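Biologist: Please take a close look at one part of this model for me, the largest pocket, and then place it among the strands and helices around the chain.

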Amino acid sequence: AVSLRLLKKLRGLVEQGMILVGAKPERSTGLTDYKDEEFKKIVEETWGNSKENAFGKGKVFSSIDLASILKQLNIVPDFQCSGDFRRPNISFIHRKINDTDIYFFSNPLSSYEQLVATFRVKNKMPELWNPDTGSSIQVGMFENAEEGIRIPLQLDPYGSVFVIFRNKQVP
């Protein structure tokens, strides 16, 4: 269930180019501004009758399989990792401030974790920042891959690190 007001806003955003992933709403919430025919018309127009509907400049997917939708749209993951580590899903946070990409990682395990991290960032120098000391170093060994920048990372037991991309690479 979704309000008519929110439904109109979503329709407008999709028309402008937003990609919307979510189940087709079946009814409006509450009794205020409840207009059944208008609600149904907007839902059919926005979601259509299939799992994928192009509307305006955007698209609506009623399928919830986000991984396959991202693959279909050729959107690579923001972060990928591989290597010899015990926790297959490394938790991270990514924030972008102006032209700077900031990633934060923490290791919840009592062991060193080694991985190869690929970031969806292009043409920037990676830096490692220690949140305990405030010290930083430029990463000397990294690779510019098709998916982004790939670097080896070692996370200390219960440790954390910031990986920051802010300065352009020198050609």
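**The pocket and its surroundings**

Modeller: Keep in mind that this is a predicted model. The largest pocket holds about 240 Å³ of space. Its lining counts 14 residues. Closest to the pocket centre are Trp-129, Asn-130, Asp-156, Ser-160 and Val-161. Four elements each give two or more residues to this lining: β8 (124-129), β9 (136-138), β11 (149-155) and β12 (160-168). By class, six lining residues are nonpolar, six are polar and two are charged.

Now the sheet. Three of the lining elements, β8, β9 and β12, also belong to an open sheet of five strands. Its order is β5-β6-β12-β8-β9, and the pairing is antiparallel. In that order, β8 sits between β12 and β9. One edge strand is β9, and the other is β5 (92-97). Each of these two pairs on one side only. From one strand to the next, the twist averages 25°. As background, strands of a sheet pair through backbone hydrogen bonds, either parallel or antiparallel.

Follow the sheet to its β5 edge. There, β5 runs antiparallel to strand β6 (residues 100-106), and six bridges join the two. Within this pair, Ile-97 of β5 stands opposite Thr-100 in β6. In the sheet order, β6 is followed by β12, and β12 brings us back to the pocket lining.

Next, the strands earlier in the chain. Strand β2 (residues 52-55) and β3 run antiparallel, joined by four bridges. Phe-55 stands opposite Gly-58 in β3. The two strands form a hairpin with two residues between them. In that hairpin, Gly-56 takes a positive phi near 60°. Strand β3 (residues 58-61) also pairs with strand β1 (residues 19-21), this time in the parallel sense, over three bridges. Here Leu-20 stands opposite Val-60 in β3. So β3 has an antiparallel partner in β2 and a parallel partner in β1, with strand pairing counted from at least two bridges.

Last, the helices. The axes of helix α1 (residues 4-15) and helix α2 (residues 36-47) come within 10 Å. They cross at roughly 30°. That makes α1 roughly parallel to α2, because angles under 35 degrees count as roughly parallel. The crossing of α1 and α2 is left-handed.

To return to your pocket: Ser-160 and Val-161 are among the residues closest to its centre, and β12 (160-168) is one of the elements that line it. Trp-129 is also among those closest residues, and β8 (124-129) is another lining element.

Definitions and conventions
Residues numbered from 1 in each chain as written. Predicted model: local features only at pLDDT ≥ 70, side-chain atom pairs only at ≥ 80, totals over all residues. Heavy atoms only, no water. 1 Å grid on protein atoms, 1.4 Å probe; cavity = no way out; pocket = protein on both sides within 12 Å on 5 of 7 lines; lining within 4 Å. Points joined across faces, edges and corners; volume = space filled by probe spheres on them. Nonpolar A, V, L, I, M, F, W, Y, C, P; charged D, E, K, R; others polar. Axes fitted to C-alpha atoms, helices over the stretch in contact; angles between N-to-C directions. Parallel < 35°, antiparallel > 145°, perpendicular 65-115°, else oblique. Left-handed = near helix turned anticlockwise from the far one by under 90°.
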